[in-house]
Amino acid sequence: MKPLAIFGGTFDPVHIGHLTVAWEASELLDAEVRLMPSRTPPHRATPCASAEQRLAGLRAALAGQSRLTIDDREMRREGPSYTVDTLRELRAEQGDRPLVLLLGEDAFAGLPAWHEWRELFRLTHIGVLSRPGLSVVRSEILWREITERRVANPVVLSHCPAGAIVELRVTALEVSATRIRELLASGRDPRYLLPAGLFADPALLQPYRR
Ligand SMILES: Nc1ncnc2c1ncn2[C@@H]1O[C@H](COP(=O)(O)OP(=O)(O)OP(=O)(O)O)[C@@H](O)[C@H]1O
Ligand SMILES: O=C(O)c1ccc[n+]([C@@H]2O[C@H](COP(=O)([O-])O)[C@@H](O)[C@H]2O)c1
């Protein structure tokens with residue numbers, strides 16, 4: 001069965017780094033990929049744009065293609081958007097279908113601080129997306145999980161529902177939403193760091209302009 005891969009994020013705003021790595025992950029894993037905006041992302045300050053504005057940005061960014069879709073379930077849930085809750089829902093819906101949680105290297109390094117983090121391995125595989133420009137330190141506790149669970153070939157993930165970690169070598173793009181917010185706030189125009197759809201409606205970038 002084709003795996004279902006989930007790429008969660010704050011998407012404040014969505015940028016070409018997100019879209020490129022999500023697209024390449026769908027190719028490398030031969031998976032359906034859903035982008036999942038987080039209403040209340042745990043472990044970070046309140047986003048600059050509202051949840052609805054960030055979701056509207058994602059919709060505009062993904063218009064005109066059908067490989068990447070949006071799963072908006074976290075938008076409809078109150079309280080912190082814990083990934084373990086989302087994966088429990090998905091597991092109940094999807095039965096034994098392989099699930100893959102896609103995380104950039106930086107997000108993966110923070111995993112041991114996540115809510116019920118060990119439970120995640122029972123519910124899903126993890127695909128770690130290479131990301132340049134950030135100094136990422138993996139704790140010993142995380143290395144232990146990696147050593148036990150690492151598989152080299154992404155195709156192996158389609159043979160069982162959960163529990164493996166695979167590193168996905170995707171095109172390195174040193175783009176972050178932080179940098180884009182800085183550029184917009186200082187009156188610059190990061191035209192080619194953002195998907196064209198975000199320029200179609202001036203309201204989509206308004207939250208970031210000063
Ligand atoms: N350029 C990139 N390459 C690989 N992964 C990325 C890239 N940008 C974001 N990600 C991953 O996308 C997911 C969602 O990230 P998020 O929405 O926080 O974007 P961000 O650019 O890291 O934002 P911010 O700068 O506000 O922290 C995370 O797993 C993150 O590691
Ligand atoms: O469940 C958690 O405890 C948890 C802690 C930190 C981050 N996450 C999720 O990780 C994804 C990336 O987070 P962020 O902050 O880099 O956008 C996003 O889907 C968050 O909801 C989840």
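## Around the ligand

In this predicted model, ligand 1 is surrounded by 18 residues, and the closest are Gly 9, Gly 17, Gly 104, Ala 177 and Thr 178. If you sort that shell by residue class, you will find 8 nonpolar, 7 polar and 3 charged residues.

Which elements each supply at least two residues of the shell? They are helix 1 (16-29), strand 4 (99-104), helix 4 (105-109) and helix 7 (177-185). Helix 1 gives the most, with 3 residues.

## Helices and strands

Stepping back from the ligand, you can count 7 helices and 6 strands in the protein. Their order along the sequence is β-α-β-α-β-α-β-α-α-β-α-β-α. That pattern opens with a strand and ends with a helix, and two helices follow one another between the fourth and fifth strands.

## Overall fold

How does the size of the protein agree with that of a compact globule? For 210 residues, such a globule would have a radius of gyration near 17 Å, and the protein has 17 Å, so the two agree. The C-alpha trace spans about 50 × 35 × 35 Å along its principal axes.

Turning to the interior, buried residues make up 36% of the 210 residues. As for contacts, take those in the protein with a separation of 6 or more: 79% of them are between residues 24 or more positions apart in the sequence.

How values were computed:
Residues are numbered from 1 along each chain as its sequence is written. Chains are lettered from A and ligands numbered from 1 in the order in which they are written. This is a predicted model: local features need pLDDT of at least 70, side-chain atom pairs count only at pLDDT 80 or more; totals for chains, interfaces and linings use all residues. Helices (H or I, at least four residues) and strands (E, at least two) are DSSP runs, numbered from the N terminus. The radius of gyration is taken over C-alpha atoms; the globule rule is 2.2 Å times the number of residues to the power 0.38. A residue is buried if 20 or more other C-beta atoms lie within 10 Å of its own, exposed if 12 or fewer, and partly exposed in between; C-beta atoms are placed from the backbone. Two residues are in contact if their C-beta atoms, placed from the backbone, lie within 7 Å. A residue is near a molecule or strand if its C-beta atom, placed from the backbone, lies within 6 Å of it. Ala, Val, Leu, Ile, Met, Phe, Trp, Tyr, Cys and Pro count as nonpolar, Asp, Glu, Lys and Arg as charged, and the others, Gly among them, as polar.
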